[in-house]
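Let's take a walk through this protein together. Have the 3D view open and follow along.

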Amino acid sequence: MEDMNHLKPSSFLSSDGSLTVHAGERLGRDIVTNSITTPVVNTTTYFFKKTSELIDFKEKRSVSHEYARYGSPTTMVLEEKISALEGAESTLVMASGMCANTVMLLALVPRNGHIVTTIDCYKETRNFIETFLPKLGITVTVIDSADTTGLEAAVNKHEVSMFFTESPTNPFLRCVDIELVSKICHKRGTLVCIDSTFATPLNQKALALGADLVLQSATKYFGGHNDVLAGCISGSTKLVSEIRKLHHVLGGTLNPNAAYLLIRGMKTMHLRVQQQNSTALRMAQVLEAHPKVSRVYYPGLPSHPEHHIAKRQMTGFGGVVSFEITGDLETTIKFIDSLKIPYIATSFGGCESLVDQPAITSYWDLPQEERVKHGIKDNLVRFSFGVEDFDDLKADVLHALNAI
């Protein structure tokens, strides 16, 4: 299917909350129905009534769906909803966040190209950049999230295809000055892609700040119920179309049933994220004041190294708080095992609170000295706050801290 994403007139939807509910649906969709909910179109292929219609489609005189690997009416509604929320010309949804991440890099970074990324990032992203991309002759410069001088030096020294980072990052929630790095990169023709999963477009408009592309693991806040895997890339039609071409070949297609779950989940996204922003900020303040917590990482706190940047480019700071317990691995395990409300699990952004110890969850395969090189101490905790009552969560965390 050709890139059928486009922003439809939405002047009567003036807020993100209205867009999450109605964009892509109330504004018209490529499905003939008067149902309020978007139908799930479960088909592998689409027919043409006559050969002349097929020829018109092939010669771009008409627009149609052709084969489910290239998209479906259900996934198209989801893409238009995300585009409206991101302020993007086009969006491509895929089977997972890592699928979106890897296909984007493969599509836009040429063989023997060069990229710049940051030290703090999702482990699997780092693995792909460090172990797979070099097979294509692609080299990488790794900088600190705040090192704009290092970024400027890299784009002046190398022919850099892309600056790719998370903001906030995983797990230390570092923030890059998106407006500044975009200006630095664009002077040298370097693309900027921001993984904004920890922020969501409700808290941060990466494209409006100057980024060329914004990536989301839609598994997290978009779905919001810990029941669906997906990823998406939003940006200009030109760039997203390039990614879409490779995506059609590689085939990491999002199932229409998963697209439906995301459409439904997004309708309450603004309410969930608002609650999670509030709970996380209040809990970060509680944790920072507690004697059994040695350090808290949360961009909403004045103690955060990029708080001044976060205040300027974010309207909320997300539902994840990372912090270090005063103690060792065993003390931290005792704290986590004493919690009653959160599940011990990886991921974040869902209705249920989740907690994990990155040294075990993500880095247990590395010896301790290697983990420390990545800043991952044995006492680090990542807490994803859900939509449970704040007072219940506070009481549970304080009880667990008192147990150690």
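Start with C121: in this predicted model, its relative accessibility is 4%, so it counts as buried. C232 is tucked away too, because at 1% relative accessibility it also falls under the 20% cut-off for buried.

Do these cysteines link up with anything? A disulfide is a covalent bond between the sulfur atoms of two cysteines. The structure holds zero of them. For C121, the nearest cysteine sulfur belongs to C193 and sits 13 Å away. C232 also has C193 as its closest cysteine partner, but the sulfurs are 11 Å apart, and a disulfide needs them within 2.5 Å, so that's too far for a bond.

Now look for the sheet. Seven strands make it up, and if you step across it you meet them in the order β1-β7-β6-β5-β4-β2-β3. It's an open sheet with mixed pairing. At its edges are β1 (90-94) and β3 (139-143), each of which pairs on one side only. Going from neighbour to neighbour, the strands are turned by 20° on average, ignoring direction.

Zoom in on β5 (residues 191-195) and β6 (residues 213-216). These two run parallel and are joined by three bridges. One residue to click on is I194, whose bridge partner in β6 is V214.

Finally, add the helices. Helix α7 (residues 178-186) lies across β4 (160-166) and β5, at about 155° to β5. Helix α8 (residues 237-250) packs on the sheet as well, touching β1, β5, β6 and β7 (231-235). Its direction makes about 25° with that of β1.

Key. Residues are numbered from 1 along each chain as its sequence is written. This is a predicted model: local features need pLDDT of at least 70, side-chain atom pairs count only at pLDDT 80 or more; totals for chains, interfaces and linings use all residues. Side-chain values use heavy atoms; hydrogens and water are left out. Buried means under 20% relative accessible area, exposed over 50%, partly exposed in between (1.4 Å probe, protein chains only). Two strands pair if DSSP finds at least two bridges between them. Helices (H or I, at least four residues) and strands (E, at least two) are DSSP runs, numbered from the N terminus. Axes are lines fitted to C-alpha atoms, for helices over the stretch in contact, and angles run from 0 to 180 degrees between N-to-C directions. Contact means heavy atoms within 4.5 Å.
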